[in-house]
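The following exercises ask the reader to trace strand pairing, helix packing, aromatic pairs and empty space in one protein model. Each task is followed by a solution in steps.

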Amino acid sequence: MDPLYYNGELIRAEEWDVGPNRLYSENYVYQHLHTFAHKPLHIATHIEILKEATRTVFGEEIRLDIRELNAAVETLLKAGRYPLESNQVTVYVYPQGLRDEGEAVWMLEATAQLFYPRYQLRNTRPLLETFPFPHAWSGFPTAASRAASACARDAVRRSGAEIAVLERPDGTLTHIDDEALFLVFGKEVATTPLTSGATDSVLRRLIFAACELEEISCMEIPIKKEMLLQCDEAFTASTQGIISLMGYKTHRYFNLVARKVAARLNDIDLRI
């Protein structure tokens, strides 16, 4: 087990006194950080999303300082001997801690080495499928949403698809692994609004900004299953960047807007 950075302290695997099962079975909110040269990208926005989710879901406040988190990420990656190229570090916020602290604490875990530096367009195009799976606190990156996404992903793979978008009881398609689904109709991009259960994320905000730079119109409307057979293109996002989708059922998609959006992601500063 790699080192963890828990509430301001680097903890080696042999020193960690909390079982691995508890790390992932407790309630938490989380963010996947894309790091480059051991520095997280758009850290201020990640912190904003974490604080809002912790406040809304658990009614707790969490203190997260940009400089402290930047230093912690660098310390963790160096301790784990991760390369300077892009990596994924996951931030967890536990509302009552894991050592009975009785208050919200945060933890960092290095969870992946990414294939490409900075944000890129994924070179494979997976098939999409829907999966009905209502869960608590839809619209926030929580342990519940993460478990729902994993269950949906496993289920749709049995039918030949690779990507699962969660469907609410009212038929609205909300998110794919806590990232937004975007559909393209002609020269307009559509995605489900946050008020209808979509999850806020750094990539969602980056995609909106990239569309603005490309002068592509965006609209927020509840995405329904039948729209997957009517759109020209569909794409989503991950820590690595943009995922252009191949199709849904027998319907196949173009790959034009996704390329334009992906090419813009590294030019955007969300603080502006």
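**Exercise 1. A hairpin and its neighbour**

Which residue in the turn of the hairpin formed by β10 and β11 has a positive phi? Work on the predicted model shown above, and then follow the pairing outward from the hairpin.

*Solution.*
Step 1. The hairpin of β10 and β11 has 2 residues between its strands. Gly186, in the turn, is the residue with a positive phi, at about 65 degrees.
Step 2. Strand β11 covers residues 188-191 and runs antiparallel to β10, to which 4 bridges join it. Across this pairing, Phe185 stands opposite Glu188 in β11.
Step 3. Strand β11 also pairs with strand β12 (residues 217-220), in the parallel sense and over 4 bridges. Here Glu188 stands opposite Ser217 in β12.

**Exercise 2. The open sheet of 6 strands**

Determine the strand order of the open sheet of 6 strands, identify its edges, and place the helix that lies across β3, β4 and β5.

*Solution.*
Step 1. The order is β2-β1-β6-β5-β3-β4, and the pairing is antiparallel.
Step 2. The edge strands are β2 (9-11) and β4 (39-40), each of which pairs on one side only.
Step 3. Within the sheet, strand β5 (residues 87-94) is joined to strand β6 (residues 105-113) over 8 bridges in the antiparallel sense. Val91 stands opposite Leu108 in β6.
Step 4. The helix is α2 (residues 43-58), which runs at about 175 degrees to β3 (29-36).

**Exercise 3. The open sheet of 4 strands**

Explain why one side of each edge strand is left without a neighbour in the open sheet of 4 strands, and describe the pairing of β8 with β15.

*Solution.*
Step 1. The strands follow the order β9-β8-β15-β16, with mixed pairing.
Step 2. Because β9 and β16 (251-252) stand at the edges and each has a single partner strand, one side of each has no neighbour in the sheet.
Step 3. Strand β8 (residues 127-132) and strand β15 (residues 247-248) run parallel and are joined by 2 bridges. The bridge partner of Leu127 in β15 is Gly247.
Step 4. Helix α4 lies across β8 and β9, at about 125 degrees to β9.

**Exercise 4. An aromatic pair**

Classify the pair formed by the rings of Phe182 and Phe208, and state which elements hold the two residues.

*Solution.*
Step 1. The structure holds 10 aromatic pairs.
Step 2. The ring centres of Phe182 and Phe208 are 6.0 Å apart, and the planes stand at 75 degrees, so the pair is edge-to-face. The cut-off used in this step is that planes over 60 degrees apart count as edge-to-face.
Step 3. Phe182 belongs to strand β10 (residues 182-185) and Phe208 to helix α5 (residues 202-213), so the pair ties together parts that are 26 residues apart in sequence.

**Exercise 5. Cavity and pocket**

Describe the lining of the largest cavity and then that of the largest pocket.

*Solution.*
Step 1. There is 1 cavity of 30 Å³ or more, and the largest cavity has a volume of about 40 Å³.
Step 2. Its lining consists of Ser149, Arg153, Glu162, Ile163, Ala164, Ile176 and Asp177. The elements giving two or more residues to this lining are α4 (143-157) and β9 (163-167).
Step 3. By class, the lining of the largest cavity divides into 3 nonpolar, 1 polar and 3 charged residues.
Step 4. The largest pocket has a volume of about 950 Å³. Of the 40 residues that line the largest pocket, Gln88, Asp177, Ser238, Thr239 and Ile243 are the closest to its centre.
Step 5. Elements that give two or more residues to the pocket lining include β3, β6, β13 (233-238) and β14 (241-244). The lining of the largest pocket has 16 nonpolar, 15 polar and 9 charged residues.

Note on methods: Residues numbered from 1 in each chain as written. Predicted model: local features only at pLDDT ≥ 70, side-chain atom pairs only at ≥ 80, totals over all residues. Heavy atoms only, no water. Pairing = 2+ DSSP bridges. Contact = heavy atoms within 4.5 Å. Axes fitted to C-alpha atoms, helices over the stretch in contact; angles between N-to-C directions. 1 Å grid on protein atoms, 1.4 Å probe; cavity = no way out; pocket = protein on both sides within 12 Å on 5 of 7 lines; lining within 4 Å. Points joined across faces, edges and corners; volume = space filled by probe spheres on them. Nonpolar A, V, L, I, M, F, W, Y, C, P; charged D, E, K, R; others polar. Phe/Tyr/Trp six-rings, centres within 6.5 Å; stacked < 30°, edge-to-face > 60°.
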